[in-house]
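Biologist: Could you take me through one part of this model in detail, the open sheet with parallel pairing? Once that is clear, carry on to whatever else you can describe around it.

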Amino acid sequence: MQLNKKSVRVGLVGLSARGLMWLQNYLKCPHCRVTALCDKYEALTAKGAKMIAGHDSAAQFDIHADYEKMLRDSRIDAVSLAVEPENNADMICAALAAGKHVICEVPLCYSIADCWRIVLAVEKHKGLKFQFGEQIRFGAFAQAWRTMVQEGKLGKAVYFQGQYLHGMAPNRFWHDSRTGARITFDEAQAVASHKSRQWSLIHPIRYVPHELSPMLYVLKDRVVKVTGVGTRPQSYRHEWFPFPDIEVALMHTAKDTIIRLMAGFTMERLIGSEHQYRLIGTEGWVDHCLSPVLSRKSGMMWLANGYMSAVSDVEWSYNTGWEMPLAARELGVPYSPQAVASGHGGLDYWPVATFAQSIIEDKPVAMDVYAAVETAAPAIIAGECAEKGYTWMDVPDFRPGQHRQAGELPQESI
């Protein structure tokens, strides 16, 4: 595979722990150069500049005072957003208006209005790329299950469940206002401090892109109806935290599959986070778990027509260096042995690499704006159902069609 010698110059916005992980992956990608760093904390932009030293040099900008200035910088081709989800819509729209390609971190946003703003902005700027940076859909299990569904090995897919549990440490709810460092409640009382992004996640079910994105990728489907329920709007673990400990959503897809999603971020966990997935068809089922606390590494499978008298343990993984996600192969992304060292089990590399390649080759991105809002909107509506006691609510169809023209809101929304 020949490497394209072109490169994409990236302005990285948001340099918290997650943003710095994005920076590490840009440095691994042979087609990317980070030419600008933007954050509200000078200490974090300086830390990012130190990481780049030896690779490149980057201009530094303040996220409040200089974001618009950064967008006017001709040395930037694309903007990479790792900011609070409630700020994504404004920053995506501004970047596209400035002629920059955009990739953003998950979740996409927290309102249906912002979903529409992003869709219309992308449709308006047809020559620019927008990619959602969800990485679990690049996983080997997602690729395997998508193939199994397409080939009918599971029969009709009738039920899909996923869950995300992550017990947040005591330092995940406040930041030092001078340095941006995570601090505990007691530490926050002694210094100038502010609340973390956890306080904007009023519904934990909103943070399920790592579940719903691969599910919809596997099914080639979209959610049309949603309902949700949650525990009381005050944590049982942290009495001072005024949001539910756990929420559950039920979803119905266009192809008649039932989806159940669960999310919670305050319960005690042994270590880190836990993602689980289970897909049931009329002729078999598959299971997968991503968790450092469980002994089994991957999953299980049983196929009625697979001559299987018992459940089989399965290690869903890419076995050789040249095996990579289908979306990456289709875009002609060059393989990088450094990808296996990226976060989320080696998957963090692929949104970055496929985004760069789609720009260089002028090809469709791996996860476009419609896949992004189809991941965000059902979770947003499920949270509203849980809060207001609704039974079922419809999910908008964001793709252009008879109900609307590209670049315009549907008639019923006007």
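Modeller: Keep in mind that this is a predicted model. The open sheet has 6 strands, and reading across it you get β3-β2-β1-β4-β5-β6, with parallel pairing. The edges are β3 (59-62) and β6 (130-132); each has a single partner strand, so one side of each is left without a neighbour in the sheet. Going from strand to neighbouring strand, the turn averages 20°, direction ignored.

Look at one edge first. Strand β2 (residues 32-39) runs parallel to β3, and 4 bridges join the two. If you want a pair of residues to click on, Cys38 stands opposite Phe61 in β3. As background, strands of a sheet pair through backbone hydrogen bonds, either parallel or antiparallel.

Now for the helices on this sheet. Helix α1 packs on it and touches β1 (8-13), β2, β4 (78-81) and β5 (101-104). The direction of α1 makes about 165° with that of β1. Is the length of α1 what you'd expect from its residue count? Helix α1 covers residues 17-28, so its 12 residues at 1.5 Å a residue should span 16 Å; the end C-alpha atoms are 17 Å apart, which agrees. As for which residues of α1 are tucked away, the buried ones are Arg18, Gly19, Leu20, Trp22, Leu23, Asn25, Tyr26 and Lys28.

Helix α11 (residues 349-361) also lies across this sheet, over β1, β2, β4, β5 and β6. Its direction is at about 165° to β5.

Moving on along the chain, pick out strand β7, residues 157-166. Most of β7 is covered, with 7 of its 10 residues buried. β7 pairs with β14 (residues 273-281) in the antiparallel sense, over 9 bridges. With β13 (residues 258-264) the pairing is parallel, over 7 bridges. You can check each with a residue pair: His166 stands opposite Ser273 in β14, and the bridge partner of Tyr164 in β13 is Ala263.

Stay on Ser273 for a second. Ser273 has a relative accessible area of 21%, so it counts as partly exposed; the cut-off for buried is under 20%. Between the C-alpha atoms of Ser273 and Glu384 there are 25 Å, and the two residues are 111 apart along the chain.

There is also a smaller piece of sheet to find: 3 strands form an open sheet in the order β9-β8-β10, and here the pairing is antiparallel. Its edge strands are β9 (182-183) and β10 (193-195), each pairing on one side only. Strand β8 (residues 174-176) meets β10 over 3 antiparallel bridges, and one residue pair to look for is His175 with its bridge partner His194 in β10.

Last stop, the second largest pocket, which holds about 500 Å³ of space. The lining counts 25 residues, and those nearest the pocket's centre are Arg137, Arg146, Tyr217, Ala366 and Ala371. Helices α6 (140-151), α8 (209-219), α9 (326-331) and α12 (369-388) each supply at least two residues of that lining. Of the contributors, α9 gives the most, with 4 residues.

Key
Residues numbered from 1 in each chain as written. Predicted model: local features only at pLDDT ≥ 70, side-chain atom pairs only at ≥ 80, totals over all residues. Heavy atoms only, no water. Buried < 20%, exposed > 50% of the residue type's maximum accessible area, 1.4 Å probe, protein only. Pairing = 2+ DSSP bridges. Expected span 1.5 Å × (residues − 1). Axes fitted to C-alpha atoms, helices over the stretch in contact; angles between N-to-C directions. Contact = heavy atoms within 4.5 Å. 1 Å grid on protein atoms, 1.4 Å probe; cavity = no way out; pocket = protein on both sides within 12 Å on 5 of 7 lines; lining within 4 Å. Points joined across faces, edges and corners; volume = space filled by probe spheres on them.
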